[in-house]
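Colleague: I am new to this structure and would like a close look at one part of it, the end of a single helix and what lies around that helix. Please take it slowly and explain the terms as they come up.

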Amino acid sequence: MSDREIGRILDRTLSGKELTPGEALRLFQAEGKELRAILQTADAVRRAAVGDTVTFVIVRNVNFTNICYTGCKFCGFAKRKGDPEAEFLSLDEIARRVEEAQERGATEVCIQGGLHPNIEGTYYGDILTAIKDRAPDIHIHAFSPFEIKYGAGRMGVSTRDFLLYLKDCGLGTIPGTAAEILDVEIRQQLTRDKLTAAEWIDIVKTAHRLGIRSTATMMYGHIDRPEHWVAHFNILREIQKETGGFTEFVPLGFIHWDAPLYFAGGARPGPTRDENLKVHAIARLFFNGWINHIQVSWVKLGPRFAQYVLKNGGANDFGGTLMNESISRSAGAPYGQEVTPLEMCRMIREIGRRPARRNTLYQIAEPYDDHDPPDMEPLVPRTAEQSSLFADFARQPG
Ligand code: SF4
């Protein structure tokens, strides 16, 4: 592939032309100075689309159960009943955690769990009702398309009717997780019998049509290749053209440390540094005009590399403060469970961008141009190793 060919593709993108899947695949083959040109272009497209503000949301993750027998081969989170680490939170405990989050400034809670064999479909509604009873103003971002399918099946209703039921109970938006890679063969290897790609697409489109927006995600760096990423991007873009329901795209690098698939020798140890850069930057170019917000996952990338991707790679959102993060932590990610709002602001200023707190739908809730959010201790104390990762930010002046 020649420099000239990459240059022509990037020029076309800068002039507002839509990147084709074939062009995106060519960009994924780039290295060295060609990759640097892609990053510079993604950064220019980011600036034109959303300016120099980097946003984050104060959110608490509540993983209400890790009991699950589905057996996804990439998952280090699921436990069996009776396992010492198995967890099933009561409705009261879920609501208590949400109230506590609200006291710490959260505007959103993200609720996801394993597919517990003994819960009924109504349990998902009960969770929403319990939260809304105690924290009526909080935005509930809950239940992956796989949980939607599972709950609908347990209740014996269509996924559309189940979504309507959940909306009535207080559901705001859904996470576009469980997408992994929307490719039949890859999904068969990652998670046989799980939600199919067609079902994921159908549930997400149905939710969007009902006014329930979602995020879009991709888990990459396991048994997948760039052609799968491009096909995945294309499916997401086509959905967005049809429904306009995606709020953001969140690339999620595969965390391999405790994943059964990696132990069995069936997967790569997560994406490389260049792959992480390419996925974020090419996503910015591919979704230009359709999905404005490209999020970094600090849990997957680590706070320092997340900063680098925001500064150089076309991303514009730092994601959530999280407070309790169980899924990546269970898979072995070492970066802790919470970035406080003050640390978020300092990390964003350090890369020369303007920090702002947003809500789930990307409306700016509070710009931090001339003041800081209050200082607070992380809800779950950090290990010494985690503390050292954040020490630089804690020492900086506001
Ligand atoms: S990814 Fe979700 S559905 Fe699959 S095993 Fe883990 S908890 Fe269960």
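Helix H14 and its surroundings

Modeller: Just after helix H14, Gly314 takes a positive phi of about 95°; helices here are DSSP runs of type H or I with at least four residues, strands are E runs of at least two, and both are numbered from the N terminus. This is a predicted model, in which local features need a pLDDT of at least 70 and side-chain atom pairs count only at pLDDT 80 or more, while totals for chains, interfaces and linings use all residues. Residue numbers start from 1 along each chain as its sequence is written. The chain averages a pLDDT (the predictor's confidence in each residue, from 0 to 100) of 93, and 94% of the residues score at least 70. Over residues 393-398, however, the pLDDT is below 50, and that stretch has 6 contacts in the model beyond near neighbours in sequence.

Helix H14 itself runs over residues 303-312, and its buried residues are Pro303, Ala306, Gln307, Val309 and Leu310. Here a residue is buried if 20 or more other C-beta atoms, placed from the backbone, lie within 10 Å of its own, exposed if 12 or fewer do, and partly exposed in between. Because these buried residues cover an arc of only 165° around the axis, they sit on the same side of H14, the arc being that of the directions from the helix axis to the C-beta atoms.

Two residues outside H14 help to place that helix. Leu301, in helix H13 (residues 298-301), is buried, with 25 other C-beta atoms within 10 Å. Leaving aside neighbours within four places in sequence, Leu301 is in contact (C-beta atoms, placed from the backbone, within 7 Å) with Ala306 and Val309 of H14, as well as with Gly253, Asn276 and Val296. By C-alpha atoms, Leu301 is separated from Lys241, 60 residues away along the chain, by 29 Å. Ile351, in the loop between helix H16 (341-350) and strand E8 (354-358), is partly exposed, with 14 other C-beta atoms within 10 Å. Not counting residues up to four places away in sequence, Ile351 touches Gln307, Leu310 and Lys311; its C-alpha atom is 6.1 Å from that of Lys311, although the two are 40 residues apart in sequence.

Helix H4 can be read in a similar way. In H4, Ile94, Ala95, Arg97, Val98 and Ala101 are buried, and since these buried residues fall within an arc of 155° seen down the axis, they line one face of H4. That buried side packs against strand E2 (59-63), strand E3 (108-112) and helix H5 (121-134), whereas the face turned away from it carries the exposed residues Asp92 and Glu103. Just after H4, Gly105 takes a positive phi of about 100°.

To return to the backbone angle of the opening, most residues other than glycine have a negative phi. Phe143, in the loop between strand E4 (139-142) and helix H6 (145-155), has a positive phi of about 70° although it is not a glycine, and Phe143 is buried, with 27 other C-beta atoms within 10 Å. Glu180, also not a glycine, has a positive phi of about 45°; Glu180 is found in the loop between helix H7 (159-169) and helix H8 (184-190).
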